[in-house]
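Visitor: I'm new to looking at protein models, so could you bring one up and talk me through it?
Guide: Gladly, here it is.

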Amino acid sequence: MEIESACTGAGLFVAAGHGIDAALSTAFDAAQAFFGLPPGIKDRVPRINRYGYVPDRIEARDPSSTAYMGRSSLAAEYLDMGLAGEVDLGAVESLGCDGFAAAVRAYQAAALATAHGVLEALAVTLGVPGFFADRMSEPQCRLRFLHYPPCDRLADGSAPVFSTPHTDYGAITLLAVDGLPGLEVLHDGAWTPVAAPGGSMIVQLGDMLARWTNDRYRSTPHRVVGASGADRFSIPFFVNPDPSTVVSTIDSCVTAERPERYEPVTAGEFLISRIDSPTEPYV
């Protein structure tokens with residue numbers, strides 16, 4: 001009942017006792033080691049087909065994107081990695097990050113197992129146990145290491161915004177945080193800070209799940225602000241089903257009061273349409 005209430009309300013919840021503390025701690029160590037490298041070294045990890053390293057420099061952004069038009073150069077740096085060798089982890093390790101490849105692969109495996117458990121819990125609340133498990137044999141998952149540099153409040157006392165308000169594209173996001181403030185969600189018309197201790201796993205619902213549930217479950221509008229005055233790290237794991245999966249409304253989510261709102265689309269097509277939209281800020 002608590003999970004269902006969170007999914008129909010704020011669109012996120014904290015997964016207590018996720019059980020992957022050791023793998024997560026090692027992943028944070030790997031992220032900090034990578035981001036601690038000199039800029040010229042990190043630039044040796046190229047951005048290819050939207051995987052790889054994106055520096056915290058304005059030239060790494062697409063100036064035509066509506067997500068960045070008119071904004072300052074305030075930005076985070078991040079590294080995107082997939083499950084199928086999209087980034088040469090051994091090459092990253094050779095730059096001076098001992099144990100990087102093993103840390104990434106161990107965390108991806110642990111996070112994927114956690115995702116299966118979360119998705120099954122959601123399936124049960126929707127009255128369709130096993131529904132998502134049947135669609136996750138070759139999932140499209142992306143692991144992101146994120147580093148937000150220190151920054152202070154603006155002259156008017158407000159916190160500078162690193163990421164414009166947005167919702168995630170896919171099914172769910174498992175967001176691991178280091179305990180520093182920054183994440184805010186839009187709830188009841190106001191931006192509300194999300195408080196979670198270091199090592200927490202925040203489950204955010206994405207647009208694909210909202211579509212699957214006929215908007216019964218909400219995707220989470222969120223943003224990241226900076227005012228802690230310290231380096232902040234987070235590790236989102238974006239979880240999506242097999243590309244060929246047809247995303248059509250789950251029967252239990254269609255009622256007389258909530259008629260079907262969406263046409264079927266494959267998961268792969270849906271993600272491409274979102275990634276190629278003018279709101280996507282990175283090239």
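Visitor: What span should helix H5 have, and how far apart are its end C-alpha atoms?
Guide: H5 covers residues 100-125, and at 1.5 Å a residue its 26 residues should span 38 Å, which agrees with the 37 Å between its end C-alpha atoms. The expected span is 1.5 Å times one less than the number of residues, and helices (H or I, at least four residues) and strands (E, at least two) are DSSP runs numbered from the N terminus. This is a predicted model, in which local features need pLDDT of at least 70, side-chain atom pairs count only at pLDDT 80 or more, and totals for chains, interfaces and linings use all residues. Residues are numbered from 1 along each chain as its sequence is written, while side-chain values use heavy atoms, with hydrogens and water left out.

Visitor: And which residue with a positive phi follows H5?
Guide: That is Gly127, whose phi is near 80°.

Visitor: Switching to strands, what is the order in the open sheet of 4 strands?
Guide: The order is S5-S10-S7-S8, with antiparallel pairing, where two strands count as paired if DSSP finds at least two bridges between them. Strands S5 (161-166) and S8 (190-193) stand at the edges with a single partner strand each, so one side of each has no neighbour in the sheet.

Visitor: How many bridges join S5 and S10?
Guide: S5 pairs with S10 (residues 222-225) over 3 bridges, in the antiparallel sense, and Val161 stands opposite Val225 in S10.

Visitor: What about empty space, how many cavities of 30 Å³ or more are there?
Guide: The count comes to 1, and about 60 Å³ of space lies in the largest cavity. On a 1 Å grid over the protein atoms alone, a cavity is a set of points where a 1.4 Å probe fits but cannot get out, whereas a pocket is an open set with protein on both sides within 12 Å along at least five of seven lines; lining residues have an atom within 4 Å of a point. Grid points are joined across faces, edges and corners, and a volume is the space filled by probe spheres set on them.

Visitor: Which residues line that largest cavity?
Guide: There are 12, of which Phe162, Gly226, Ser228, Ala230 and Arg232 lie nearest its centre.

Visitor: And how big is the second largest pocket?
Guide: Its volume is about 240 Å³, and among its 18 lining residues Pro181, Gly182, Leu183, Pro193 and Val225 lie nearest the centre.
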